[in-house]
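Hi,

Here is the structure I said I would pass on. Have a look at it first, and my notes are underneath.

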Amino acid sequence: MKKKAIKVVICFQLIVILLLINLTLLSTMQRPSTLAKRATYQTTDIALAPSGTGKVLAASIESGDARELLIKEFIQKFQPTSPMLPYTQAFIDTADTYQIDYRLIPAIAMCESNLGSRIPSKESFNAWGIAVYTGQQHGKVFNDWPHAIDWVGQYIRDKYYNRSITDLVEIGAIWAPPSVAKENSWAKCVTGFMEQIR
């Protein structure tokens, strides 16, 4: 009886020790801090086994900023021929520079010009209806898409955000005054497209 009791105690202690070791290893492998910051991963250098087995022999995974991918998918979904498609990173850089929502500038461009597909002239790079007043066919002219995107970001920061105007209904009343009489159609349009960029 004494031998059985000793064996049970030793087995119990070994099980406890093994559990502690496993829990320690498991906790060091699952650090949530990096998972929360970067949710999108781009895979590169993937080598697949021959004969179509689908097995991955090697892979390299790099974390990235999901915002650019979300804007790119948005443009490709709604206006795949948009001249702004190559400039998705400019939207992110501008949003970061002026501390505005990264979805705002492309959403306004979608509402105002189908992401630059319907603008006063191709040389204007004006996809936001800047200084295109009712009944007119011209407006502000920019040097290129990066210049236009940056200008619009600074304009939103200076004219609206710096004056604590961040509600889209209030912005729409200034940006597109006729839309107020149409049940704030501009604000609804921008909000709808911002929700599509997710």
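Below is what turned up, starting with a helix pair, then the aromatic rings, then two backbone oddities. Keep in mind that this is a predicted model.

**The H5/H9 crossing**

Start with helix H5 (residues 104-113) and helix H9 (residues 185-196): their axes come within 8 Å and cross at roughly 125°. That makes the two helices oblique to each other, and the crossing of H5 past H9 is right-handed. On the H5 side, the contact uses Leu104, Ala107, Ile108, Met110, Cys111 and Glu112, and H9 answers with Trp186, Cys189, Val190, Phe193 and Met194. Sorted by class, that gives 10 nonpolar residues, 1 charged residue and no polar ones.

**Aromatic rings**

There are 11 aromatic pairs in the structure. One of them brings back a residue from the H9 contact: Phe193 pairs with Phe78, edge-to-face, at 5.3 Å centre to centre and with 85° between the planes. Phe78 sits in helix H3 (residues 66-78) and Phe193 in H9, so this pair ties together parts that lie 115 residues apart in sequence. How buried or exposed are the two partners? Phe193 is buried, with a relative accessible area of 18%, while Phe78 is partly exposed at 26%.

Next, Tyr155 and Trp175. Their ring centres are 5.6 Å apart and their planes stand at 75°, so this pair is edge-to-face too. Here the link runs from helix H6 (residues 145-159), which holds Tyr155, to helix H7 (residues 168-175), which holds Trp175, and the parts tied together are 20 residues apart in sequence. Trp175 counts as buried at 12% relative accessibility; Tyr155, at 22%, counts as partly exposed.

Both of those rings also belong to a cluster linked by ring pairs, made up of Phe142, Trp151, Tyr155, Tyr160, Trp175 and Trp186. You will recognise Trp186 from the H9 side of the helix contact.

**Two positive phi values**

Most residues other than glycine have a negative phi, and that is the reason I would point you to two loop residues. Phe125 has a positive phi, near 50°. Phe125 is found in the loop between H5 and H6 and counts as buried, at 18% relative accessibility. Glu183 is not a glycine either, and its phi is positive at about 55°. The loop that holds Glu183 runs between helix H8 (178-181) and H9, and this residue counts as exposed, with 60% relative accessibility.

Cheers

Notes. Residues are numbered from 1 along each chain as its sequence is written. This is a predicted model: local features need pLDDT of at least 70, side-chain atom pairs count only at pLDDT 80 or more; totals for chains, interfaces and linings use all residues. Side-chain values use heavy atoms; hydrogens and water are left out. Axes are lines fitted to C-alpha atoms, for helices over the stretch in contact, and angles run from 0 to 180 degrees between N-to-C directions. Helices (H or I, at least four residues) and strands (E, at least two) are DSSP runs, numbered from the N terminus. Angles under 35 degrees count as roughly parallel, over 145 as roughly antiparallel, 65 to 115 as roughly perpendicular and the rest as oblique. A crossing is left-handed if the near helix is turned anticlockwise from the far one by less than a right angle, and right-handed if clockwise. Contact means heavy atoms within 4.5 Å. Ala, Val, Leu, Ile, Met, Phe, Trp, Tyr, Cys and Pro count as nonpolar, Asp, Glu, Lys and Arg as charged, and the others, Gly among them, as polar. Rings of Phe, Tyr and Trp (its six-membered ring) pair if their centres lie within 6.5 Å; planes under 30 degrees apart count as stacked, over 60 as edge-to-face and the rest as tilted. Buried means under 20% relative accessible area, exposed over 50%, partly exposed in between (1.4 Å probe, protein chains only).
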